[in-house]
Amino acid sequence: MLKTNSQPIILHTFINQIAENHQVRSKFDLLRKVRQWFDAIEVDNPEFAKFIAKLIPAQCPFERDIILFGRKIVHIPPLCKFNPLYDQFVGLRFRALCYLVDECGEDIQSYY
């Protein structure tokens, strides 16, 4: 049986063990190589930059409001943040748009 006086100590120890396990798991990243590969892609071709800017959307396309008879029934939040490679895709699109503006002198308003 646990004594009342020792419960906070045991609970504190248990919480510390959980936190340490979480830190170990977060350090182990299965997609690290894929993220590094996406971050290493250099945009140095106008056709490739245009392809990337058109392929990756400017806004998350999944956010929706379901409206029935003029009333909002359900709101589906943007699910892009659940994509583990979301930041890499956005970074690649940003690099492509920067290349189009800086190197090619193009107007990128049509990509938004």
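The following exercises, each with a worked solution, concern the predicted model shown above.

**Exercise 1. The overall layout**

Determine how many helices and strands the protein chain has, and in what pattern they follow one another along the sequence.

*Solution.* Step 1. The count gives 4 helices and 2 strands in the protein chain. Step 2. Reading along the sequence yields the pattern α-α-α-β-β-α. Step 3. The elements can then be placed: helix H2 spans residues 32-40, helix H3 covers residues 46-55, strands E1 and E2 run over 64-68 and 71-76, and helix H4 occupies 86-102.

**Exercise 2. Surface and interior of the chain**

State what percentage of the residues is buried, and what share of the accessible surface belongs to carbon and sulfur atoms.

*Solution.* Step 1. The protein chain has 112 residues, of which 16% are buried. Step 2. Its accessible surface comes to about 9500 Å², and carbon and sulfur atoms account for 60% of that area. Step 3. Contacts may be considered as well: among those between residues at least 6 apart in sequence, 52% join residues at least 24 apart.

**Exercise 3. The two sides of helix H3**

Identify the buried residues of H3 and decide how they are arranged around the helix axis.

*Solution.* Step 1. The buried residues of H3 are Ala49, Ile52 and Ala53. Step 2. Around the axis they cover an arc of only 100°, and therefore they lie on the same side of H3. Step 3. These buried residues pack against H4. Step 4. On the face turned away from the buried side, H3 carries the exposed residues Glu47, Lys54 and Leu55.

**Exercise 4. The largest nonpolar core**

Find which residues of the largest nonpolar core touch the most other members, and which element gives the largest share of this core.

*Solution.* Step 1. The core has 15 residues, and those touching the most other members are Val43, Ala49, Leu92 and Tyr111. Step 2. Two or more residues come from each of the elements H3 and H4. Step 3. The largest share, 5 residues, is given by H4. Step 4. Valine 43 may be examined individually: leaving aside residues up to four places away in sequence, it touches Phe48, Ala49, Leu92, Arg95, Ala96 and Tyr99. Step 5. A general tendency provides the background: in soluble globular proteins, nonpolar side chains tend to be buried together.

**Exercise 5. A nonpolar patch on the surface**

Name the residues that make the nonpolar surface patch, and establish which element gives the most to it.

*Solution.* Step 1. The patch measures about 950 Å² and is made by Phe62, Ile66, Leu68, Phe69, Ile73, Val74, Ile76, Leu79 and Phe82. Step 2. The elements giving two or more residues to it are E1 and E2. Step 3. E2 gives the most, with 3 residues. Step 4. Phenylalanine 69 lies in the loop between E1 and E2. Because its relative accessible area is 80%, and exposed means over 50%, this residue is classed as exposed. Step 5. Phenylalanine 82 is found in the loop between E2 and helix H4; its relative accessibility of 67% means that it too counts as exposed.

**Exercise 6. An uncommon backbone angle**

Describe what stands out about the phi of phenylalanine 69.

*Solution.* Step 1. The general rule comes first: most residues other than glycine have a negative phi. Step 2. Phenylalanine 69 is not a glycine, yet its phi is positive, at about 55°.

**Exercise 7. The salt bridge**

Determine how many salt bridges the whole structure contains, and which side chains meet in a salt bridge with an N to O distance of 3.1 Å.

*Solution.* Step 1. A search of the whole structure finds 1 salt bridge. Step 2. The side chains of lysine 50 and glutamate 106 meet in it, at 3.1 Å from N to O. Step 3. Lysine 50 belongs to helix H3 and glutamate 106 to the segment after H4; being 56 residues apart, the pair links distant parts of the chain. Step 4. Lysine 50, at 31% relative accessibility, is partly exposed, and glutamate 106, at 26%, is partly exposed.

**Exercise 8. Tryptophan 37 and glutamine 88**

Decide whether each of these residues is buried or exposed, and state the separation of their C-alpha atoms.

*Solution.* Step 1. Tryptophan 37 lies in helix H2 and is exposed, with a relative accessible area of 54%. Step 2. Glutamine 88 lies in helix H4; because its relative accessibility is 9%, it counts as buried. Step 3. The two residues are 51 residues apart along the chain, and their C-alpha atoms are separated by 9.3 Å. Step 4. Not counting residues up to four places away in sequence, glutamine 88 touches Arg35, Phe38 and Asp39.

Definitions and conventions
Residues numbered from 1 in each chain as written. Predicted model: local features only at pLDDT ≥ 70, side-chain atom pairs only at ≥ 80, totals over all residues. Heavy atoms only, no water. Buried < 20%, exposed > 50% of the residue type's maximum accessible area, 1.4 Å probe, protein only. Patch = residues over 30% accessible without salt bridge, like charges linked within 9 Å, V, L, I, M, F, W, Y side chains within 5 Å. Areas by Shrake-Rupley, 256 points an atom, 1.4 Å probe, with all protein chains shown as cover. Salt bridge = Lys/Arg side-chain N within 4 Å of Asp/Glu carboxyl O. Core = buried A, V, L, I, M, F, W, Y, C linked by side-chain atoms within 4.5 Å. Contact = heavy atoms within 4.5 Å. Arc of directions from axis to C-beta.
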